[in-house]
Amino acid sequence: MHKPEVVLSDLLMASGNGFQVCRALRSNDELHHTKIVVVSGRHFEKDRQAAFKAGADEYVTKPVDPDRLVLLLSRIVARAGNVEDTTISAAPLPAGPTWVKFWGVRGSIPTPGPTTVHYGGNTSCVEVRADGRIIILDAGTGLRLLGRQLDAEFPVAPA
């Protein structure tokens, strides 16, 4: 089982919500160390309090400033300590500059409907690189482009 240090979850999703994500993560003993950041376009205090009650560690409202997001994620990871995941053995990425890249754009499938709603038809894919890690947020329409980039950047040697 992959044990992420941080999970970013949107509050409102097509097939559920961030409160459910928080409760599911908090009910799993193997994921008790995972920090949860709920991201929402809703600025209601009741949503913020409900997210914390469900188990969120942070609540961020949109639009999200990329620099502030990177700082927040760095603080959360530092607070979490160095939890090792023994189920995934991958070489760490080389440390480099911190940056955020948006792949795809909101509304890139101009007429969403039943055939596209499950594929992120109206959300971008956001890649954050910080401290030798890659974080993918809202894996929407740009995920395919990002996947191709990562495949070219980290080719797998034939077995």
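Which residue stands opposite Ser 9 in strand 4? In this predicted model, that place is taken by Val 38. The pairing belongs to a set of parallel strands, described next.

Strand 1 covers residues 6-10 and strand 4 covers residues 35-40. The two run parallel and are joined by 5 bridges. Val 6 stands opposite Lys 35 of strand 4. Ser 9 faces Val 38 in the same pairing of strands. Strand 4 is also joined to strand 5, residues 58-61. Here 4 bridges are found, and the strands again run parallel. Val 38 has Tyr 59 as its bridge partner in strand 5. Val 38 thus stands opposite Ser 9 and is bridged to Tyr 59.

Burial was examined for two of these strands. In strand 1, 4 of the 5 residues are buried, so strand 1 is largely enclosed by the rest of the structure. In strand 4, 5 of the 6 residues are buried, so strand 4 too is largely enclosed by the rest of the structure.

Thr 34 lies in the loop between helix 1 and strand 4. Its relative accessible area is 0%. Thr 34 is therefore buried, as the cut-off is under 20%. Neighbours within four places in sequence were left aside in listing its contacts. On that basis, Thr 34 is in contact with Pro 4, Glu 5, Val 6, Val 7, Arg 26 and Asp 57. One of these, Val 6, is the residue that stands opposite Lys 35. Another, Arg 26, is among the helix 1 residues that meet helix 2.

Helix 1 spans residues 18-26, and helix 2 spans residues 45-54. Their axes come within 8 Å and cross at roughly 20°. Angles under 35 degrees count as roughly parallel, so helix 1 is roughly parallel to helix 2. The crossing is right-handed. On the helix 1 side, the contact involves Phe 19, Cys 22, Arg 23 and Arg 26. On the helix 2 side, Asp 47, Ala 50, Ala 51 and Ala 54 take part. By class, the contact has 5 nonpolar and 3 charged residues, with no polar ones.

Asp 47 is a residue of helix 2. Its relative accessibility is 6%, so Asp 47 counts as buried. With neighbours within four places in sequence set aside, Asp 47 is in contact with Leu 11, Phe 19, Arg 42 and Tyr 59. Among these, Phe 19 belongs to helix 1. Tyr 59 is the strand 5 residue bridged to Val 38. Asp 47 thus touches a residue of helix 1 and a residue of strand 5.

A further sheet is built from later strands. This open sheet has 3 strands in the order 6-7-8, with antiparallel pairing. Its edge strands are strand 6 (99-103) and strand 8 (133-137), each pairing on one side only. Neighbouring strands are turned by 20° against each other on average, direction ignored. Strand 7 comprises residues 125-130. Strand 6 and strand 7 pair in the antiparallel sense over 5 bridges. Within this pairing, Phe 102 stands opposite Val 126 of strand 7. Helix 4, residues 143-153, packs on the sheet. Helix 4 touches strand 6, strand 7 and strand 8. The direction of helix 4 makes about 35° with that of strand 7.

Note on methods: Residues numbered from 1 in each chain as written. Predicted model: local features only at pLDDT ≥ 70, side-chain atom pairs only at ≥ 80, totals over all residues. Heavy atoms only, no water. Axes fitted to C-alpha atoms, helices over the stretch in contact; angles between N-to-C directions. Parallel < 35°, antiparallel > 145°, perpendicular 65-115°, else oblique. Left-handed = near helix turned anticlockwise from the far one by under 90°. Contact = heavy atoms within 4.5 Å. Nonpolar A, V, L, I, M, F, W, Y, C, P; charged D, E, K, R; others polar. Buried < 20%, exposed > 50% of the residue type's maximum accessible area, 1.4 Å probe, protein only. Pairing = 2+ DSSP bridges.
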